[in-house]
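This report works outward from a single site to the chain and then to the pair of chains. Please keep the sequence and the coordinates at hand while reading.

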There are 2 protein chains.
Amino acid sequence: MMARTTIDDVAAAAGVSIKTVSRVLNDEPGVRTETRGRVREAIASLSYRPSLPARSLAGKRSNLIGLVYDNPSANYVFDVQSGAMARCRDAHLRLFIQSCNDLGGETVEEVLAMIDQTHVDGLVVTPPLSSDAALISALEERRLPFVRLAPDDTSRGGPCVIMDDEAAAHDMTEHLLDLGHRRIGFVAGHPEHPSSRLRRQGYQAALDAAGVGENQPIEQGFNDTASGYEAGRRLLSASKRPTAIFASNDDMAAGVVQAAHELGIDVPRQLSVAGFDDSQIAAIVWPALTTIRQPAYEMAFAAAGLLIDLVRDRPAPAVTELAYTLVQRGSTAEAP
Amino acid sequence: MMARTTIDDVAAAAGVSIKTVSRVLNDEPGVRTETRGRVREAIASLSYRPSLPARSLAGKRSNLIGLVYDNPSANYVFDVQSGAMARCRDAHLRLFIQSCNDLGGETVEEVLAMIDQTHVDGLVVTPPLSSDAALISALEERRLPFVRLAPDDTSRGGPCVIMDDEAAAHDMTEHLLDLGHRRIGFVAGHPEHPSSRLRRQGYQAALDAAGVGENQPIEQGFNDTASGYEAGRRLLSASKRPTAIFASNDDMAAGVVQAAHELGIDVPRQLSVAGFDDSQIAAIVWPALTTIRQPAYEMAFAAAGLLIDLVRDRPAPAVTELAYTLVQRGSTAEAP
DNA sequence: TTGTAGGCGTTATCAA
DNA sequence: TTGATAACGCCTACAA
């Protein structure tokens with residue numbers, strides 16, 4: 001078990017003091033170009049990798065940022081993690097990932113414990129935690145830099161990365177209206193997710209604008225396939241059956257498709273189904289879902305970038321909005 | 001920005017030396033029960049959380065273990081992460097997650113860099129990295145404890161957690177034979193995943209045992225839905241169409257179902273489709289997939305547990321095998 | 001049963 | 001432009 005390569009080894013190899021090596025490591029000025037080169041060579045030839053713990057202990061920064069989530073959707077979490085990690089890799093930072101799933105009331109406590117223990121320099125906060133008032137307050141109190149993804153309220157709490165859920169839902173509803181649908185059911189999303197409200201507003205606004213906003217059938221879902229299935233059964237068993245159903249996310253839309261299959265209703269000929277998110281399953285179910293592509297990877301990539309700016313005392317815009325796309329697939333068609 | 005609470009604060013509050021606090025923190029013997037209680041109270045009332053960096057710098061252990069993956073399946077990665085995290089939470093350890101997706105040839109390099117920088121005490125290595133000879137050798141060379149999930153070769157490289165892929169595939173094939181199918185197509189998994197070989201062997205062995213092992217149609221897939229769809233098209237366009245198709249994972253099975261829908265072949269009445277893994281999508285596609293439940297969460301939970309034992313110098317069994325389950329859903333039925 | 005001194009690998013401070 | 005030295009918060013070794 002040989003001892004690890006340390007800054008002293010590099011300093012010796014390059015014939016300089018450890019402080020100079022440290023300067024090179026941190027891209028600090030005040031090192032002659034030639035010296036810098038010599039140090040860089042020594043680092044490479046010894047394949048020296050500075051110790052994160054030592055740096056965070058000694059310095060103001062840990063070169064570690066955190067990502068927290070409390071979200072059961074494998075696809076969303078995976079995309080978000082991937083995006084944040086990619087940005088961190090670019091910046092030569094490490095990402096510490098913390099799940100708050102199944103934590104009950106101890107979420108805030110657990111996040112604070114993680115912050116204290118790991119010394120993360122900042123936090124990317126994903127939905128629905130990004131709208132958790134207790135967590136946001138706690139972070140502000142600690143003065144820990146953080147960037148939120150898709151929060152309900154962008155007016156406080158530092159930089160946010162958002163997507164226009166309302167406009168997207170509006171677009172999707174218009175798409176269905178354009179196909180001739182007039183009775184368009186809606187499966188609302190989980191009440192705790194702020195995006196649920198926005199998507200429903202967009203849906204309603206589009207219907208109102210078309211003059212058919214009254215008495216449209218709306219069912220509550222909880223963002224999972226099972227609740228989408230149940231909502232679908234209810235919508236499709238009603239006396240005045242809708243010719244289209246717009247679900248607030250893909251998982252629920254898949255549930256609606258299941259319900260239609262089971263009731264012998266042909267999608268899309270007798271029923272159009274639209275989803276939201278463009279998660280992996282959107283392309284896997286049959287027929288593949290017309291949906292809104294939410295750029296989760298890109299949003300997380302951007303959020304990590306903003307956080308890195310924040311941590312390095314560079315200014316970051318308060319709100320960064322990324323574009324969505326309406327992805328047309330096989331689950332929607334002209335009204336029968 | 002107040003200074004963080006340190007071990008000195010706790011020592012002062014409890015009226016003891018920092019060494020005694022340290023003993024309590026690490027559950028070391030040699031502290032009077034009453035003293036221990038006083039220290040615990042001080043810790044709680046100050047909500048003191050020991051600094052991970054400081055501990056890893058000073059001590060032999062970092063109280064941090066790593067999890068590495070190189071796997072594009074959101075569902076699998078999510079399950080594995082969740083299992084390992086849950087086990088770490090129980091043990092008051094932190095988990096550092098590292099993705100090696102899209103890293104090309106730099107995977108080993110990147111993992112070693114992570115190890116050096118973070119000082120992780122050990123590593124949970126998931127498939128297919130668990131069968132990456134270069135990585136395994138590098139880890140052995142560093143004498144870093146590690147536990148592998150579902151590796152191809154359990155005879156070397158420390159503790160492993162496995163599932164009997166071959167027996168599971170055998171069972172599934174027998175299930176199809178029991179339903180009266182005699183022409184059973186197979187969509188083979190990604191050639192780089194060791195489980196692919198085992199699943200195919202189980203399939204073939206069951207057919208051989210039933211005396212119908214000759215000339216069964218087999219197509220190569222790559223574990224994603226698109227390749228499953230292509231393989232399904234080929235199998236279903238052949239002159240002698242199979243009455244059942246067994247895909248080496250759920251994503252590909254979903255692709256086969258797509259192909260069947262598109263060709264107007266009714267599942268399961270005209271074609272039975274079976275998958276493997278019981279990932280989230282198995283229950284989302286329609287009809288829901290008959291599949292093998294691979295206990296990814298439990299396997300990762302167990303692996304993290306073994307690693308913790310290893311790290312704490314406790315013995316760990318070389319091979320831990322977890323049970324699979326055949327989950328029967330709507331995608332398989334009697335042969336037409 | 002408890003405490004003291006030294007050091008882990010880095011950055012910060014200040015001097016040269 | 002460079003370097004010596006003192007932290008950082010904790011654990012190890014040893015002493016009391």
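## A buried alanine

In this predicted model, A:Ala168 has a relative accessible area of 0% and is therefore classed as buried, the cut-off for that class being under 20%. The residue belongs to helix 8 of chain A, a helix that runs over residues 165–178.

Which residues are in contact with A:Ala168 once its neighbours within four places in sequence are left aside? They are A:Met163, A:Phe276, A:Ile292 and A:Tyr324. A further relation across the sequence concerns A:Ala323, which stands 155 residues from A:Ala168 along the chain, while the C-alpha atoms of A:Ala168 and A:Ala323 are separated by 9.3 Å.

## Domains of chain A

Chain A is divided into two parts: domain 1, made of the segments 64–163 and 296–322, and domain 2, which covers 165–294. The centres of domain 1 and domain 2 of chain A, taken over C-alpha atoms, are separated by 29 Å, and the contact between them involves 12 residues of domain 1 and 12 residues of domain 2.

## The chain as a whole

Chain A contains 12 helices and 12 strands, and its C-alpha atoms fill a box of roughly 85 × 40 × 40 Å when the principal axes are used as the frame. Of its 336 residues, 56% count as buried. When contacts between residues at least 6 apart in sequence are considered, 70% of those in chain A join residues at least 24 apart.

The exposed area of chain A is about 14000 Å², of which 48% is supplied by carbon and sulfur atoms. As for charge, chain A carries 32 positive and 43 negative charges, and the mean positions of these two sets lie 7 Å apart.

## Relation between the two chains

In general, two copies of a chain are related by a rotation about an axis and a shift along it. What rotation and what shift superpose chain A on chain B? The rotation is 180 degrees and the shift along its axis is 0.0 Å, with an RMSD of 0.1 Å, which means that the relation is that of a two-fold axis. The same surface serves both copies, since 100% of the contact residues of chain A recur in chain B.

Among the residues of chain A, the one that comes closest to the rotation axis is A:Pro53, whose C-alpha atom is at 2.0 Å from it.

Definitions and conventions:
Residues numbered from 1 in each chain as written. Chains lettered and ligands numbered in written order. Predicted model: local features only at pLDDT ≥ 70, side-chain atom pairs only at ≥ 80, totals over all residues. Heavy atoms only, no water. Helix = DSSP H or I, 4+ residues; strand = E, 2+ residues; numbered from the N terminus. Buried < 20%, exposed > 50% of the residue type's maximum accessible area, 1.4 Å probe, protein only. Contact = heavy atoms within 4.5 Å. Areas by Shrake-Rupley, 256 points an atom, 1.4 Å probe, with all protein chains shown as cover. Lys, Arg positive; Asp, Glu negative; His and termini not counted. Charge placed at Lys NZ, Arg CZ, Asp CG, Glu CD. Least-squares fit on C-alpha atoms with pLDDT ≥ 70 in both. Domains from an automatic or database assignment.
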